[in-house]
Amino acid sequence: MSDTPTREAVHTQEVDGFGTVRVLRLDPHADAATVHAWVREERAAFWGMNGLTQQQVADVYAHLDTLDTHHAYLLEKDGEPAGLLQTYEPEADRVSECYPVEPGDIGIHLLLRPPGPHGSRPGWSRALLSAVASYVLLGLDNTRVVVDPDVRNEKAIARFLKQGFVAGDAVVLPEIDLPDVYLPEKRAQLAFLTREVAFPGDA
């Protein structure tokens with residue numbers, strides 16, 4: 001368990017009928033056990049960390065923590081870990097080779113925790129994604145969110161489209177092979193959510 005109760009949230013939101021969602025900067029070492037437990041499951045295969053040890057997961061996020069363009073966050077629901085959010089500046093990411101990046105774009109990757117012992121709860125994904133959208137579009141003052149889930153990850157794609165994202169092209173993200181990071185080639189489905197669509201009164 002992480003030390004998140006003592007950590008200041010970068011975003012807090014009350015979601016009607018759901019609870020309090022907090023967005024906290026990920027602590028690569030304090031949160032490693034929580035994140036490792038999520039990413040090692042088969043359901044998280046598209047996250048690309050199935051075979052990593054807890055220390056390797058910590059190392060990945062420690063490296064991410066040194067970057068100015070990519071950030072990781074722990075999502076909490078009523079004080080309990082609920083998901084992992086990564087944000088990135090598309091122009092500093094391989095996705096920029098696959099679509100024309102516009103000013104005000106922000107990219108996200110989102111991994112929700114596994115269902116609890118009583119199974120999944122209706123509205124869980126929608127509530128967390130609503131809080132994420134509030135943070136990245138309103139809190140960080142961006143105008144459009146881009147996501148690039150694996151084309152085989154039909155659940156994630158459906159979740160984004162249900163939230164108001166509009167599907168873009170299916171693309172191939174190029175392989176990245178650097179000393180500090182390796183990412184295999186990925187067939188991805190781009191999708192976009194504008195601030196005007198998500199928050200018409202705040203656009």
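1. A residue is called buried if its relative accessible area is under 20%. In this predicted model, Asp 31 has 0% relative accessibility and therefore counts as buried. Arg 7, at 15% relative accessibility, counts as buried because this value also falls below the cut-off. The two residues form a salt bridge, with 2.9 Å between the closest N and O atoms. The pair links distant parts of the chain: Arg 7 belongs to the segment before S1, Asp 31 to the loop between S2 and H1, and 24 residues separate them in sequence.

2. The segment before S1 also holds Ala 9. Apart from neighbours within four places in sequence, Ala 9 is in contact with Arg 22, Val 23 and Leu 24. For Ala 9 and Leu 24 the C-alpha to C-alpha distance is 4.7 Å, at a sequence separation of 15 residues.

3. Arg 22, one of those contacts of Ala 9, forms a salt bridge with Glu 76; the closest N and O atoms are 2.9 Å apart. Arg 22 lies in strand S2 and Glu 76 in strand S3, so this salt bridge ties together parts 54 residues apart in sequence. Glu 76 has 1% relative accessibility and so counts as buried.

4. The sheet is open and has eight strands, in the order S1-S2-S3-S4-S5-S6-S10-S7, and its pairing is mixed. Strand S1 (11-15) and strand S7 (166-173) are the edge strands, each pairing on one side only. From one strand to the next, the twist averages 30 degrees.

5. Strand S4 (residues 80-88) and strand S5 (residues 105-112) run antiparallel and are joined by six bridges. Thr 87 has Ile 108 in S5 as its bridge partner. Helix H1 (residues 32-39) packs on the sheet and touches strand S3 (70-77), S4 and S5; the directions of H1 and S4 make an angle of about 85 degrees. Helix H2 (residues 54-64) also packs on the sheet, where it touches S3 and S4, and its direction makes about 120 degrees with that of S3.

6. On its other pairing, S5 runs parallel to S6, with three bridges between them. Gly 107 is opposite Val 146 in S6. S6 also pairs with strand S10 (residues 186-194), here in the antiparallel sense and over four bridges. In that pairing Val 145 is opposite Leu 193 in S10.

7. Which way do the side chains of S6 point? Arg 144 and Val 146 point one way, Val 145 and Val 147 the other way, and all are buried. In a regular strand, side chains alternate between the two faces of the sheet.

8. Arg 144 forms a salt bridge with Asp 105, at 2.9 Å from N to O. Asp 105 lies in strand S5 and Arg 144 in strand S6 (residues 144-147), so the pair ties together parts that are 39 residues apart in sequence. Both Asp 105 and Arg 144 are buried. Glu 102, Asp 105 and Arg 144 are joined into one network by salt bridges that share partners. The count of salt bridges comes to eight.

9. Four aromatic pairs are found in the whole structure. One of them is Phe 18 with Trp 124: the ring centres are 5.4 Å apart and the planes stand at 75 degrees, so the pair is edge-to-face, the cut-off for that class being over 60 degrees. Phe 18 is in the loop between S1 and strand S2 (19-25) and Trp 124 is in helix H3 (residues 124-139), 106 residues apart. Both Phe 18 and Trp 124 are buried. The ring of Phe 18 also has the charged end of Lys 77 over it, 5.1 Å from the ring centre.

10. Tyr 73 and Tyr 135 form another edge-to-face pair, with 5.5 Å from centre to centre and 75 degrees between the planes. Tyr 73 is in strand S3 and Tyr 135 in helix H3, so the pair ties together parts 62 residues apart in sequence. Both Tyr 73 and Tyr 135 are buried.

Terms used. Residues numbered from 1 in each chain as written. Predicted model: local features only at pLDDT ≥ 70, side-chain atom pairs only at ≥ 80, totals over all residues. Heavy atoms only, no water. Pairing = 2+ DSSP bridges. Helix = DSSP H or I, 4+ residues; strand = E, 2+ residues; numbered from the N terminus. Axes fitted to C-alpha atoms, helices over the stretch in contact; angles between N-to-C directions. Contact = heavy atoms within 4.5 Å. Phe/Tyr/Trp six-rings, centres within 6.5 Å; stacked < 30°, edge-to-face > 60°. Buried < 20%, exposed > 50% of the residue type's maximum accessible area, 1.4 Å probe, protein only. Lys NZ or Arg CZ within 6 Å of the ring centre and 35° of its normal. Salt bridge = Lys/Arg side-chain N within 4 Å of Asp/Glu carboxyl O.
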